[in-house]
Structures are given as C-alpha cells and as structure tokens.
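Reader: Could you take me on a close look at a single part of this model, the charged side chains and the loops that hold them? I'm in my first year, so please explain the terms as you go.

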Amino acid sequence: YKLSVAPEMDIMEYCRKEWRGNTPVAKRMRKGYEAVAQKFASIRRVRGDNYCALRATLFQALSQATQLPGWLQSEDFAMLSENLLSKYDWIKQWQLKQKLGRKMGEISEEIKEYLILLRKKWKNISEIKGPIEKQQACDKLFKNEEEEYSLYEALKFLMLNTAIELYNDDKNGRRVPVFSWLLFARDTSSNPCQLMHNHLNHIGHSGGLEQVEMFLLAYALQYTIQVYRLYKYSTDEFITLYPNDPEEDWPVVTLITEDDRHYNIPVRMCQETML
C-alpha cells in the first residue's frame, strides 16, 4: 500500500531539507515556513498526483470531524446522481475513474455508491472519540486506493452539483458569491456543462484544481479552506481563505502550498495558538 499522506515531520526540518539554497525563492519559502511553524509543529506530505487538493482538504476535514455535516444527513443526498441525471442529460458524459466497458445507465448507480461511501466514512470517523484512533482511521482510509479515489469522485460530483445550483441561482436573479461569476466568466466554463467537460472531468487525470475551483470545493463541503501560500509570503495573499467571506459556522481546514498546485497539510497546532 502506498500511503497517500506521509507520516508527520517537523516543519522546520522539512523546510531545511527542501529549501537549502540562498536564492530569493528559497529565502522566501523559509520565511513562509517559519511563519507556519508559529502555529503548527509538523507537516504531512500529500501524494502529488492531480487529486492532491481534494486529498489534502478531505484528509484534514475527516481528521477533525466530530459530527456529520448537515448536507450529508439530508434524505435525498444519496439520490443526488439520479436527480441530476434526470434533469441534465449531458451529465452522462461524466468521466468516472477508468473502467472500461461501462454502460451509460451505470453512471448514476456508481456515483450513488461513492456518495454513500463518503457519508459512511465521514460518519464512522466522526464518531471516533480518541484523537489517536481517529488519526489511525484516517491513515487507514487513505491507504486504501479503491475507497480513496471513490471519495474524490464523490467530491467532484458535489462540486458539479454546487456549480449547477449557483448557476441557476444567478440566472434566477438570486445573489451568488463573487467567485461564481468568475467561475462562469471563463471561456472554458461559461455553464455547468462546459465546467464538467473542460475542468471537473480532468481533475485527477490531467489537471488539479484551479484557484476558482478551490472556492467551489469549499462551497460544496461547506468548509472554509485556509491556505498558507508560501510563495506569497509578506503579501496580503500569504494566508488565503476560500471563500474569503466564509460563513461563521463553517469548520476550517488548513493547507500549505508552495505554488498553488501541490498542497501539503500542517498538523499539531502549537499549544499557545490553541489557547
């Protein structure tokens, strides 16, 4: 088994290993890591395929989950794929994990399985009381490739559902967050169908999440994603929040990136920051 999230390592030790030189970039990265080390003691490396933003976010959310989010509890959650497919025929072109010889009708069943798996895992892990046991359960889940990648399919589908809701809200004159305009202002995603074809279908295969899709992920999960963007150290974008005007009751997960493409996770909050 390949562990998708490596064991923890001291943040400054990690930084010294990765950024040895005296180039301006290396100096900036070291300053960035020093700032993160004021809040967190350790870092865990996340496997660097095109799922890493989803992987880092989900791992952090599950590691600190103490209850099932409201949207996962809703009656019709498991029916999401059937409901959407009955309204939007183009969703049949959803790109599932590579499985050959799949028939068109199977897609809604398969996505339904992934959504149910997401709810089950989230519920099981959130019910574990001890922090060590909870961490072990997360590590075990992120060693099981079949389940892990199924969860990313569920997340991507939730992102599509959220995009459809935002798009329809905007068309019906309801207020939508600013990122939603940016999402649909791109030539490649002027509507949810294009977003699926040109972006969501590629996540994990040929590309990761772009900035504007980090907002979409945050909205889909109803989590605030706080990111230390190390290459932006000493600018006001060093700590970026997705969304930047989060709902107060949304839980917060924290990630680290050096380049907005690959994400790692900081762990072990330093005692004084917890107080």
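Author: Let's start with a yardstick: a residue is called buried when its relative accessible area is under 20%, exposed when it is over 50%, and partly exposed in between (1.4 Å probe, protein chains only). Keep in mind that this is a predicted model, where local features need pLDDT of at least 70, side-chain atom pairs count only at pLDDT 80 or more, and totals for chains, interfaces and linings use all residues. Residues are numbered from 1 along each chain as its sequence is written, and side-chain values use heavy atoms, with hydrogens and water left out.

A quick word on the setting. The protein chain has 12 helices and six strands (DSSP runs numbered from the N terminus: H or I with at least four residues for helices, E with at least two for strands). Its C-alpha trace spans about 55 × 40 × 40 Å along the principal axes, and 50% of its 275 residues are buried. The radius of gyration is 19 Å, which agrees with the value near 19 Å for a compact globule of 275 residues (taken over C-alpha atoms, with the globule rule being 2.2 Å times the number of residues to the power 0.38).

Now to the charges. A salt bridge here is a side-chain nitrogen of Lys or Arg within 4 Å of a carboxyl oxygen of Asp or Glu, and that rule gives 18 of them. Take Arg44 and Asp139, whose side chains meet with N and O 2.8 Å apart. This pair ties together distant parts of the chain, since Arg44 sits in strand 2 (residues 40–44) and Asp139 in helix 7 (residues 131–141), 95 residues apart. Both Arg44 and Asp139 are buried.

Arg186 and Glu210 make another salt bridge, with their closest N and O atoms 2.9 Å apart. Here the link runs between two loops: Arg186 is between helix 9 and helix 10 (192–198), Glu210 is between helix 10 and helix 11 (211–221), and 24 residues separate the two. Arg186 counts as buried because its relative accessibility is 16%, while Glu210, at 40%, is partly exposed.

Next comes a pair with some company. Glu237 and Lys232 meet in a salt bridge with 3.8 Å from N to O. Glu237 is partly exposed at 35% relative accessibility, and Lys232 is buried at 19%. Through shared partners, salt bridges join Arg229, Lys232, Glu237 and Asp260 into one network.

Asp260 deserves a second look. This residue lies in the loop between strand 5 and strand 6 (263–269) and is buried, because its relative accessibility is 12%. Its phi is near 65°, a positive value in a residue other than glycine. Ser234 also has a positive phi, near 70°. Why does that catch the eye? Because most residues other than glycine have a negative phi, and most peptide bonds are trans. Ser234 is in the loop between strand 3 (224–229) and strand 4, and with 58% relative accessible area it counts as exposed.

Moving on to the loop between strand 4 and strand 5, you'll find Pro243. The peptide bond from Tyr242 to Pro243 is cis, with omega near -10°.

Glu248 belongs to that stretch too, in the loop between strand 4 (239–242) and strand 5 (252–257). At 85% relative accessibility, Glu248 is exposed. Together, Asp245, Glu247, Glu248 and Asp249 form a negative surface patch. Patches are built from residues with over 30% relative accessible area and no salt bridge, joining like charges within 9 Å and nonpolar side chains (Val, Leu, Ile, Met, Phe, Trp, Tyr) within 5 Å. Lys and Arg count as positive, Asp and Glu as negative, with His and the chain ends not counted; each charge is placed at NZ of Lys, CZ of Arg, CG of Asp or CD of Glu.

For a sense of distance, Lys129 and Glu247 are 118 residues apart in sequence and 26 Å apart in space, C-alpha to C-alpha. Lys129 is in the loop between helix 6 (106–126) and helix 7, and at 73% relative accessibility it is exposed.

Note on methods:
Accessible areas come from the Shrake-Rupley method with a 1.4 Å probe; for residues, only the protein chains shown count as cover.
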